[in-house]
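Reader: Please take me through the terms used for this model, and set each one against its criterion.

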Amino acid sequence: MNAALNLWVVLNRAHRAIRRHAEADMERHGLTPTEFGILEALFHKGPVLLGELQKKILVSSGGVTYLVDRLTDKGLVERAECEGDRRAKYVRLTKTGTALISKIFPAHEEVINRALNGLSRKEQQEAAALIKTLGLAAEAMEQA
């Protein structure tokens, strides 16, 4: 197998193994990975325009609307008007949503830390830099 194909297989297998740990932790709290992603984004970024949230969690506009509706029904997020543009809506955490993500995120972060513990902190930083470079190069190819 050539080096590029080998890297592709290794990246996918590592991602799958690590993702299983993360997803199991999210599911313990009754959240899908995309629901958790929305809560996490709002927790760290504060209120976000619906369109920006869509880009952050990499789903379609219809998908993000559906997910926000589900989280609204659970009482975890709410929509708010955008004063500068009546057509735009912000999504923000409710008090219940803030309390939930504040409680579960530190333990989730620890799950991720344990899953990535096979590399030292320095190796993790080096791997992140290399994979970022790889992703940016692949993105540039798509646009060309």
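Reader: Leaving aside neighbours within four places in sequence, with which residues is Val77 in contact?

Author: The model is a predicted one. In it, Val77 is in contact with Leu39, Leu42, Val68, Leu71, Thr72, Val91, Arg92, Leu93 and Thr94, once neighbours within four places in sequence are set aside.

Reader: Which residues touch the most other members of the largest nonpolar core?

Author: Val77 is among them, together with Ile38, Leu39, Leu53 and Val68; this core has 23 residues. Two or more residues come from each of α1 (3–28), α2 (33–45), α3 (50–57), α4 (61–73), β3 (89–93) and α5 (95–115). Helix α2 gives the most, with five residues.

Reader: Why is the aromatic pair of Phe36 and Phe105 called stacked?

Author: The general practice is to describe a pair of aromatic rings by the distance of the centres and the angle of the planes. For Phe36 and Phe105 the values are 6.5 Å centre to centre and 20° between the planes. Centres must lie within 6.5 Å for rings to pair, and planes under 30 degrees apart count as stacked, so both conditions are met. The pair links distant parts of the chain, with Phe36 in helix α2 and Phe105 in helix α5, 69 residues apart.

Reader: What makes Phe36 buried?

Author: The relative accessible area of Phe36 is 5%. Buried means under 20%, and therefore Phe36 qualifies. Phe105, at 13% relative accessibility, also counts as buried because of that cut-off.

Reader: Why is the pair of Phe43 and Phe105 called tilted?

Author: The ring centres of Phe43 and Phe105 are 6.0 Å apart, and the planes stand at 50°. An angle under 30 degrees would count as stacked and one over 60 as edge-to-face; 50° meets neither condition, so the pair is tilted. This pair, too, links distant parts of the chain: Phe43 lies in helix α2 and Phe105 in helix α5, 62 residues apart.

Reader: How do you know that Phe43 is partly exposed?

Author: Its relative accessible area is 31%. Buried requires under 20% and exposed over 50%, so Phe43 is placed in between. Ring pairs link Phe36, Phe43 and Phe105 into a cluster.

Reader: What makes strands β1 and β3 a pair?

Author: Two bridges join β1 (residues 48–49) to β3. Pairing requires at least two bridges, so the criterion is satisfied. These strands run antiparallel, and Val48 stands opposite Val91 in β3. Strand β2 (residues 77–81) is joined to β3 by five bridges, also antiparallel, with Glu81 opposite Lys89 in β3.

How values were computed. Residues numbered from 1 in each chain as written. Predicted model: local features only at pLDDT ≥ 70, side-chain atom pairs only at ≥ 80, totals over all residues. Heavy atoms only, no water. Core = buried A, V, L, I, M, F, W, Y, C linked by side-chain atoms within 4.5 Å. Buried < 20%, exposed > 50% of the residue type's maximum accessible area, 1.4 Å probe, protein only. Helix = DSSP H or I, 4+ residues; strand = E, 2+ residues; numbered from the N terminus. Contact = heavy atoms within 4.5 Å.
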